[in-house]
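Please look over the sequence and the model shown below. The paragraphs that follow go through some of its parts in turn.

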Amino acid sequence: MGAEFLKKQAELTDKQFLKIADFIQNNVGIKMPEQKKLMVQSRLQSRLKALGMESFDDYIAYAFSTGSHSDEEIALMIDVITTNLTSFFREKQHFDSMMTTILPEFAKNGFSKIDIWSAACSSGQEPYTLSIVMSEYFRTHPGAFSDFSILATDISSRMLEKAENAVYTMDDVEDLPFDMKKRYFLKSKDEAAQQVRVKPEIRKKVRFERLNFMDSSYPIETDKHIIFCRNALIYFDKPTQEAVIRKLIEHLIPGGYLFLGHSETIFGMNLPLRNVGPTMFRKEIER
Ligand SMILES: C[S@@+](CC[C@H](N)C(=O)[O-])C[C@H]1O[C@@H](n2cnc3c(N)ncnc32)[C@H](O)[C@@H]1O
């Protein structure tokens with residue numbers, strides 16, 4: 001057994017945990033109770049290893065110092081602490097509602113171009129699902145709309161890079177219908193890679209940008225018809241969730257739709273939203 005194997009991993013003291021937890025809570029919004037200490041310790045051990053550091057004191061000094069290496073390290077720290085789990089057609093009911101109710105209604109009301117925002121898009125499966133849903137609607141309802149666009153944002157630069165690349169494993173698309181895979185994905189020429197890439201016509205409708213929900217306002221140019229903000233707010237405390245939703249829906253048209261994750265709620269919040277389906281909300285139309 002090599003000496004390297006026997007080397008004890010660095011442990012995070014309560015004081016060191018508090019320093020990191022305060023920073024994450026204030027700058028990313030994620031709640032960091034004491035119970036998360038072991039998770040943070042184990043996830044950050046990979047950063048210490050990558051940097052060849054033996055103690056969390058060295059790591060904290062490095063990450064919280066001034067200079068460009070610190071900005072980079074903070075981004076990596078946020079990356080390892082946040083949860084990026086996502087998938088194509090996750091919580092499928094939301095996409096079914098778009099197809100059967102929302103898009104026909106928008107078409108009936110004479111909207112021409114549909115603008116959608118996938119906020120907290122992780123590695124891209126959600127905005128590409130939206131692009132596929134819109135393309136399917138265009139294919140099956142020719143002339144219903146003239147165009148659509150999807151803005152996809154996340155705090156994690158690493159996730160945004162992966163999303164923009166649009167390369168996924170065969171397993172990631174395993175549950176999609178064969179026709180859909182054929183129509184919207186390209187199989188890697190290298191059979192052994194077992195990878196697919198989202199087709200250019202689906203990719204080109206999605207624009208990726210970095211956005212932190214903790215920013216005081218969001219620089220969004222065009223008001224959206226539909227906003228997806230799913231499975232990110234769950235990690236925030238209630239007042240932060242309400243503040244984020246308020247800032248998001250400033251960019252939603254009256255009568256536009258907001259989708260939250262299946263375990264997220266606006267219960268007890270004072271927001272101009274009406275519950276119109278499972279974690280599906282409609283912005284009130286001012287009269
Ligand atoms: C679990 S994923 C959700 C992905 C997708 N919306 C879904 O439901 O499948 C949560 C995402 O929220 C992002 N996130 C966490 N804190 C954020 C913040 N303060 N601002 C923007 N994005 C954040 C993470 O980087 C992560 O990609």
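Where does S188 lie? S188 is in the loop that runs between β4 (185–187) and β5 (195–198). This is a predicted model, and the values given here are computed from it. In the model, S188 has a relative accessible area of 24%, so this residue is partly exposed rather than buried, the limit for buried being under 20%. S188 can also be placed relative to M170: the two residues are 18 apart in sequence, and their C-alpha atoms are 9.7 Å apart in space.

A second residue to locate is D115. D115 belongs to strand β1, which covers residues 113–119. With a relative accessible area of 7%, D115 is buried. The side chain of D115 also has a partner, since a polar contact of 2.9 Å links the side chain of D115 to that of K113.

The next topic is salt bridges. How many salt bridges does a search of the whole structure find? The search finds 12. One of them is formed by the side chains of R47 and E73, with an N to O distance of 2.8 Å. R47 is in helix α3 (residues 37–51) and E73 is in helix α5 (residues 68–81), so this salt bridge ties together parts of the structure that are 26 residues apart in sequence. Are the two partners buried or exposed? R47 is buried, because its relative accessible area is 14%. E73 counts as buried as well, at 2% relative accessibility.

The salt bridge between D96 and K92 has other surroundings. The closest N and O atoms of D96 and K92 are 3.1 Å apart. D96 is partly exposed, with a relative accessible area of 34%, and K92 also counts as partly exposed, at 45% relative accessibility.

A further salt bridge joins the side chains of R230 and E126, at 2.9 Å from N to O. R230 is found in the loop between β7 (224–229) and α11 (238–249), while E126 is in helix α7 (residues 125–140), so the pair connects parts that are 104 residues apart in sequence. R230 and E126 are both buried. Elsewhere, E136, R139 and R183 are joined into one network by salt bridges that share partners.

E126 leads on to the ligand. A polar atom in the side chain of E126 is 3.1 Å from a nitrogen atom of the ligand, so E126, which forms the salt bridge with R230, also has this polar neighbour in the ligand. Which other side chains have polar atoms beside the ligand? D154 has a polar side-chain atom 2.6 Å from a ligand oxygen atom. In the side chain of N212, an N or O atom is 2.9 Å from a nitrogen atom of the ligand. How much of the ligand does the protein bury? Taken alone, the ligand exposes 600 Å², and the protein buries 99% of that area.

The surroundings of the ligand can be described in terms of residues too. The ligand is surrounded by 20 residues, and the closest are V28, T86, R90, D154 and N231. D154 thus appears in this list and also among the polar side chains described above. As for the space that the ligand takes, it is the largest pocket.

Conventions:
Residues numbered from 1 in each chain as written. Predicted model: local features only at pLDDT ≥ 70, side-chain atom pairs only at ≥ 80, totals over all residues. Heavy atoms only, no water. Salt bridge = Lys/Arg side-chain N within 4 Å of Asp/Glu carboxyl O. Helix = DSSP H or I, 4+ residues; strand = E, 2+ residues; numbered from the N terminus. Buried < 20%, exposed > 50% of the residue type's maximum accessible area, 1.4 Å probe, protein only. Near = heavy atom within 4 Å. Polar contact = N/O pair within 3.5 Å; in protein donor to acceptor, adjacent residues only side chain to side chain. Areas by Shrake-Rupley, 256 points an atom, 1.4 Å probe, with all protein chains shown as cover. 1 Å grid on protein atoms, 1.4 Å probe; cavity = no way out; pocket = protein on both sides within 12 Å on 5 of 7 lines; lining within 4 Å. Sits in = over half its atoms within 2 Å of the grid points.
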